Amino acid sequence: QVQLVESGGGLVQAGDSLRLSCAASGRTFSNYVLGWFRQAPGQERGFVAGVSGGGGNTDYVDSVKGRFTISRDNAKNMVYLHMNSLKPEDTAVYYCAARGGSPYYTSRDPHAYTYWGQGTQVTVSS
């Protein structure tokens, strides 16, 4: 199995920036589409951003477009989420996820992802 471990969460003020990291195991890391999801208390887990195997195809939920950037470094088996201009509504547990099969296309469906990290808490104060 692919193992994913998130880090970089914390408590920040509105307007601040934060970078989340996800370290992954796996010999064929570049074959996996990667995504970031988030879940606030009482809410369903929702899609945030996704990136294709080669890093050239990205997708973002409307609420984070222009503020968040997803990237990956296949040589280091890492995926990142750079978050700028953070808002209180960004407060959630953030999860990285991976799916095999096709490395070319991202997905917003959490059921398409078979490997999940443990999550990292991001709290944005107003």
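## Strand 8 and its partners

Trainee: In which sense do strand 7 (residues 68-73) and strand 8 pair?
Mentor: Keep in mind that this is a predicted model. DSSP gives 6 bridges between strand 7 and strand 8. Across that pairing, I70 stands opposite L81 in strand 8. The sense of the pairing between strands 7 and 8 is antiparallel.

Trainee: Which residue in the turn of that hairpin has a positive phi?
Mentor: Strands 7 and 8 form the hairpin, with 4 residues between them. In that turn, a phi of about 55° belongs to N77.

Trainee: Which residue in strand 8 does C22 stand opposite?
Mentor: Look to strand 3 (residues 18-24), which runs antiparallel to strand 8 and is joined to it by 6 bridges. C22 falls within residues 18-24, the span of strand 3. Its opposite number in strand 8 is V79.

Trainee: How many of the residues in strand 8 (residues 78-83) are buried?
Mentor: Buried here means under 20% relative accessible area. By that cut-off strand 8 is mostly covered, and the count is 5 of its 6 residues.

Trainee: Zooming out, how many helices and strands are there in the protein?
Mentor: Read along the sequence, the pattern is β-β-β-β-β-β-β-β-β-β-β. That fits the tally of 0 helices and 11 strands.

Trainee: And what is the radius of gyration of the protein?
Mentor: For 126 residues the globule rule gives 14 Å, and the model comes out close to that, so the protein is as compact as a globular protein of that length. The C-alpha atoms fill a box of roughly 40 × 25 × 25 Å along the principal axes. The radius of gyration itself is 13 Å.

Technical notes. Residues numbered from 1 in each chain as written. Predicted model: local features only at pLDDT ≥ 70, side-chain atom pairs only at ≥ 80, totals over all residues. Heavy atoms only, no water. Buried < 20%, exposed > 50% of the residue type's maximum accessible area, 1.4 Å probe, protein only. Helix = DSSP H or I, 4+ residues; strand = E, 2+ residues; numbered from the N terminus. Pairing = 2+ DSSP bridges. Rg over C-alpha atoms; globule rule 2.2 N^0.38 Å.
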